[in-house]
Amino acid sequence: SKHLITTKDLKKEEIEDIFNLATQFLQPPYEKLLQDKLIITIFFENSTRTRSSFEVAAKNLGAQVVNLDVTRSSTKKGETLFDTAANLDAMGPNAIVVRHKHAGAPALLARHVSCSLINGGDGAHAHPTQALLDLFTLKQHLGNVQGKKIAIVGDIKNSRVANSNIELLTRFGMEVILVAPPHFLPPTSLRTSSSLQEVIDEVDAIMSLRTQTERHKYPIYASLRDYGSDFCITKDLIGDRDILILHPGPVHRNIDISDEVLADPRCKVLEQVRNGVVVRMAILVKLIHG
Ligand code: CP
């Protein structure tokens, strides 16, 4: 597929190809593989990492990048999502990256554009490039991830990152344990737990998630500290265990992960961000050049 809407759009061999290319990109200089190509980003939800790292990735390879400032765009005058995408598509980009609060929006847009459409996150549905950079980071440290165990912790029900990782990590043979209070758990056939202590001795990695209050119909916690008192990843919890700590960002400090653990070498949060650039470079090359 020339589009990347969910992780399922990529076969295992294609993902291995992307990771091999991303590994080469860890050593600059880069060939200008996307010279004369144009990438347009359209982010209807806020982003620090995904939008910027697509821009850095594209520019590293010599592409031109246009970031539509949605707050100043004609969507504010009533232009529809489809017309916005169709008009930008008419400018001849090679790829459009879209983030939208509605699950399914990128899949619908993909049918109305002639270029590659990349999902930069849609509602609670999917965030494929995040899951790919997470798996890349896990493989860097664990080697073959087959049979390894990871706990995904937090607001899983509202998390597109969790959704994409569950699909991808289980396909690569990882055992995924969902750790959350009952109201944050989706319907699932995976093993679940409401206690980090219960799983801490068996897991090779923990992926902590932000509580997505913007997606809650009514407030669940009076304060996020109530969630953090049970689910924060602290030094007390991890002790001196050989374990990896991941988080897609943005982190709620001392609620998702303590300051001390964020500064610990076992915490790979900024490594995930660095890997996000090279994995997105490889994804752009793969989608645009085939
Ligand atoms: N991980 C992630 O998607 O971060 P942003 O929302 O800042 O892009």
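Helix H8, the ligand and the two domains

Biologist: Which exposed residues sit on the face of H8 turned away from its buried side?

Modeller: That face carries Arg225 and Ser229, which are called exposed under the rule that 12 or fewer other C-beta atoms, placed from the backbone, lie within 10 Å of a residue's own (20 or more make it buried, and anything in between partly exposed). The model is predicted, with local features needing pLDDT of at least 70 and side-chain atom pairs pLDDT 80 or more, while totals for chains, interfaces and linings use all residues. Residues are numbered from 1 along each chain as its sequence is written.

Biologist: Which residues of H8 are buried, and why are they said to line one face?

Modeller: In H8, residues 224–231 (a DSSP run of H or I, at least four residues; strands are E runs of at least two, and both are numbered from the N terminus), the buried ones are Tyr227, Gly228 and Phe231. Seen down the axis, they fall within an arc of 100° (taken over directions from the helix axis to the C-beta atoms), so they line one face.

Biologist: What do those buried residues pack against?

Modeller: They pack against strand E5 (149–153) and helix H7 (196–199), contact being C-beta atoms, placed from the backbone, within 7 Å.

Biologist: How do you know where the ligand lies relative to the domains?

Modeller: Domain 1 (7–126 + 273–289) and domain 2 (128–272), whose bounds come from an automatic or database assignment, both give residues to the shell around the ligand, so the ligand lies between them. Among the surrounding residues are Ser47, Arg49, Gln130 and Pro248, a residue being near when its C-beta atom, placed from the backbone, is within 6 Å.

How values were computed: Contact = placed C-beta atoms within 7 Å.
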